[in-house]
Amino acid sequence: FDEETRARAECMALVHDMGEAVIGDITPFDGISRDEKHLREEMALKFLACTIRPLNPSFADLILELWCEFEEGETRTSQLVRQIDKLECIDQAIIYEERSGVNLGNFMALEEQITLPELQRWKKIRLQDYENLKSRKKARITVVFVSGGPGVGKGTQCARVAKEFDFCHISVGDLLREEAKSPTSPYRDFIPESIQKSVLLPAQLTTLLLKQEIGRAQVGGTRRFLLDGFPRSVVQATDFELKAYL
């Protein structure tokens with residue numbers, strides 16, 4: 001896609017959801033027909049255009065033009081945005097199912113409507129993520145947090161428990177150090193700087209690394225895990241529960 005198409009697609013992607021600011025997000029579970037949904041969104045956009053017009057008439061016209069183009073779906077730009085919208089629905093369904101446990105697999109059927117070659121790689125990645133999610137949900141796993149101050153013997157005790165009871169011992173400290181050593185990691189400078197300044201690393205980062213490590217171990221059949229040095233805050237524990245531990 002050329003720069004002009006991409007720029008117009010970005011604007012269209014923003015505009016096509018603007019009506020939700022007025023009428024809310026209407027989902028298939030709300031019992032509202034497609035025609036009624038379309039009418040409500042159309043009137044919401046017209047309301048916004050009327051509000052904007054006294055200050056910026058050209059922009060008011062533009063948002064209506066972009067919304068109509070998206071709804072008609074005939075131009076290459078609108079087709080791109082409509083398919084990205086379907087991909088985003090799949091992405092959000094995976095996130096919500098991962099956090100809530102509610103089965104949202106019916107949203108994966110949207111993949112049939114994503115046909116542009118430029119989006120196939122991203123579609124394949126997210127569909128594989130969903131397959132991995134289903135595998136993790138089927139596998140009953142045990143996670144034990146091992147927390148304590150420096151030098152109290154967490155690592156020693158974890159090694160003994162892992163050996164005797166067949167647990168996978170994951171040291172968060174080791175994970176962070178390995179990540180910092182990776183030349184391709186976007187966090188290779190951030191991690192040592194945070195440690196040097198004694199700043200607790202963001203929960204999102206520790207959860208990400210733990211999720212990846214647990215996923216790799218699960219592929220090999222591991223079902224029991226000792227998390228050494230985790231969590232270090234309630235925020236970390238909550239983030240891990242929401243995103244990684246199913």
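Two strands pair if DSSP finds at least two bridges between them. The exercises below apply this to a predicted model.

**Exercise 1.** Work out which strands form the open sheet, in what order they lie, and which residue of strand 3 stands opposite C168.

*Solution.* Begin with the sheet as a whole: 3 strands form an open sheet in the order 1-3-2, and their pairing is parallel. Strand 1 (142–146) and strand 2 (168–171) stand at the edges with a single partner strand each, so one side of each has no neighbour in the sheet. From one strand to the next, the twist averages 20 degrees. Next, take the pairing of strand 2 with strand 3 (residues 224–228), where the two run parallel and are joined by 4 bridges; at least two are needed for strands to pair. Finally, the residue of strand 3 that stands opposite C168 is F225.

**Exercise 2.** Describe the lining of the largest pocket, and decide whether C89 is buried, partly exposed or exposed.

*Solution.* The largest pocket has a volume of about 1,200 Å³, and its lining consists of 30 residues, with I26, P28, K37, D85 and C89 lying nearest the centre. Helix 3 (34–52), helix 4 (57–72) and helix 5 (76–100) are the elements that give two or more residues to this lining, and helix 5 supplies the largest share, 8 residues. By character, the lining residues divide into 12 nonpolar, 7 polar and 11 charged. As for C89, buried would require under 20% relative accessible area and exposed over 50%, so its relative accessibility of 26% makes C89 partly exposed.

Notes: Residues are numbered from 1 along each chain as its sequence is written. This is a predicted model: local features need pLDDT of at least 70, side-chain atom pairs count only at pLDDT 80 or more; totals for chains, interfaces and linings use all residues. Side-chain values use heavy atoms; hydrogens and water are left out. Buried means under 20% relative accessible area, exposed over 50%, partly exposed in between (1.4 Å probe, protein chains only). On a 1 Å grid over the protein atoms alone, a cavity is a set of points where a 1.4 Å probe fits but cannot get out, and a pocket is an open set with protein on both sides within 12 Å along at least five of seven lines; lining residues have an atom within 4 Å of a point. Grid points are joined across faces, edges and corners, and a volume is the space filled by probe spheres set on the points. Ala, Val, Leu, Ile, Met, Phe, Trp, Tyr, Cys and Pro count as nonpolar, Asp, Glu, Lys and Arg as charged, and the others, Gly among them, as polar. Axes are lines fitted to C-alpha atoms, for helices over the stretch in contact, and angles run from 0 to 180 degrees between N-to-C directions.
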